[in-house]
Amino acid sequence: MTAALGRRVAVRVPATSANLGPGFDTLGLALSVYDELTVEALEPGRLEIEVSGEGTADVPRDASHLVVRALAHTYASVGRELPGLRLVAHNVIPHGRGMGSSGAAVVAGILAAKGLLQGEVEFTDVDLLRLATEMEGHPDNVAPGLFGGLTIAWMDATGPQHKQLIVHRGVSPLVLVPGFTMSTAVARSLQPLQVPREDAVFNVSRSALLIAAMTQSPELLMAATEDKLHQNYRAQAMPETDRLVRELRAAGYAAVVSGAGPSVLVLADGPGQRVAAADLTASVVDTPWQALMLAVDVKGGTVKPAEGSA
């Protein structure tokens with residue numbers, strides 16, 4: 001059984017920044033940059049894909065498209081036949097920059113499947129996070145993409161779990177996006193399998209402090225974003241990113257690598273500090289960096305019937 005032919009859904013998914021310094025593979029933040037797409041159920045065997053915006057020249061137009069793969073994975077998980085699909089995607093989240101573009105595609109496909117199957121199959125938040133983690137490998141990017149806000153993600157015996165937190169209104173995110181990209185797989189390959197005990201303790205303390213800083217006390221963000229688990233090891237692969245993080249932190253701004261990089265996330269404790277951090281960036285970098293002054297997204301991914309849906 002497939003979704004009703006002609007049923008169309010509209011999906012919107014935010015960008016995310018994972019790790020946030022010390023919260024490696026655990027913390028994530030949803031940001032106000034969005035990929036939007038519509039998906040329509042067609043006769044089985046048909047597949048039509050239109051892409052505009054980011055990645056237009058690179059993303060596949062066949063069944064290997066990540067949104068289509070996520071749709072297929074979700075349908076298979078509930079024993080349903082995948083219908084033919086018409087996918088029209090407008091991508092705004094930068095690709096390969098550490099802003100969760102692949103996680104957003106996974107979330108978009110899962111939410112599209114949820115919308116197409118509405119009334120036939122019900123998906124809980126636990127189901128959505130499990131499906132997304134099965135495809136993405138880690139829940140720290142997909143949790144904020146699904147649920148919004150600041151999320152803590154972890155694994156237990158039953159699978160991936162999350163807790164959504166409300167970010168203090170004084171936290172003002174700035175993402176600095178370079179013209180070059182970084183492979184998440186390459187970034188991960190540079191990390192050791194073991195770290196010194198004192199570094200682990202250091203990061204536990206900073207991660208705990210970061211939750212307090214993000215939710216209650218933004219004035220603590222500088223100390224709370226210190227990290228010894230992953231950023232130093234990855235620095236050799238993105239020296240320009242490392243240099244910018246160091247320059248910003250030396251000037252008193254809570255700068256970290258966004259996700260696997262190469263973008264830089266600054267967690268400013270107010271709009272004025274955010275503008276000053278962007279101005280400093282423009283004066284110290286040698287290559288173009290785009291400054292995105294963003295809000296924290298609080299809704300996460302959404303799906304609703306599209307106009308003209310059957």
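In this predicted model, Thr-151 has Gln-164 of strand S6 as its bridge partner. The pair belongs to a longer run of bridges: strand S5 (residues 150-156) and strand S6 (residues 159-165) pair in the antiparallel sense, with seven bridges between them. Getting from S5 to S6 takes just two residues, which make the hairpin that joins these strands. As for the side chains here, a general point helps when looking at the picture: in a regular strand they alternate between the two faces of the sheet.

Further along the chain there is an open sheet built from four strands, in the order S8-S9-S7-S10, with antiparallel pairing. Strand S8 (255-257) and strand S10 (289-293) sit at the edges, each pairing on one side only. From one strand to the next, the twist averages 25°. At the S8 edge, three bridges tie S8 to strand S9 (residues 264-268), and these strands run antiparallel. Val-257 stands opposite Val-264 in S9.

The loop between S8 and S9 is worth a look as well, as this is where Pro-262 is found. The peptide bond joining Gly-261 and Pro-262 is cis, with omega at about 5°. The sheet also has a helix lying across it: helix H9 (residues 239-250) crosses strand S7 (172-178), S8, S9 and S10, and runs at about 160° to S8.

Back toward the start of the chain, the loop between strand S1 (8-18) and strand S2 (27-42) holds Asn-19. Asn-19 is not a glycine, yet its phi is positive, near 80°. Leu-20 is in the loop between S1 and S2 too, and its phi, near 55°, is again a positive value in a residue other than glycine. How much of these two loop residues is left open? Asn-19 has a relative accessible area of 3%, and Leu-20 has 0%. With the cut-off for buried set at under 20%, Asn-19 therefore counts as buried, and so does Leu-20.

Helix H2 (residues 101-116) makes a good example of a regular helix in terms of span. H2 has 16 residues and reaches 22 Å from its first C-alpha to its last, close to the 22 Å expected at 1.5 Å a residue. Of the 16 residues of H2, 14 are buried, so the helix is largely enclosed by the rest of the structure. For reading any such helix, recall that an α-helix has 3.6 residues a turn, so residues three or four places apart point the same way.

Zooming out, the chain has ten helices and eleven strands. Its C-alpha atoms fill a box of roughly 60 × 40 × 35 Å along the principal axes. A compact globule of 310 residues would have a radius of gyration near 19 Å, and the 20 Å of this chain agrees with that. Buried residues account for 52% of the 310 residues. Contacts often link parts of the chain that are well separated in sequence: among those between residues at least 6 apart, 74% join residues at least 24 apart. As for the outside, the chain exposes about 13,300 Å², and carbon and sulfur atoms supply 54% of that area.

Notes:
Residues numbered from 1 in each chain as written. Predicted model: local features only at pLDDT ≥ 70, side-chain atom pairs only at ≥ 80, totals over all residues. Heavy atoms only, no water. Expected span 1.5 Å × (residues − 1). Buried < 20%, exposed > 50% of the residue type's maximum accessible area, 1.4 Å probe, protein only. Pairing = 2+ DSSP bridges. Axes fitted to C-alpha atoms, helices over the stretch in contact; angles between N-to-C directions. Contact = heavy atoms within 4.5 Å. Rg over C-alpha atoms; globule rule 2.2 N^0.38 Å. Areas by Shrake-Rupley, 256 points an atom, 1.4 Å probe, with all protein chains shown as cover.
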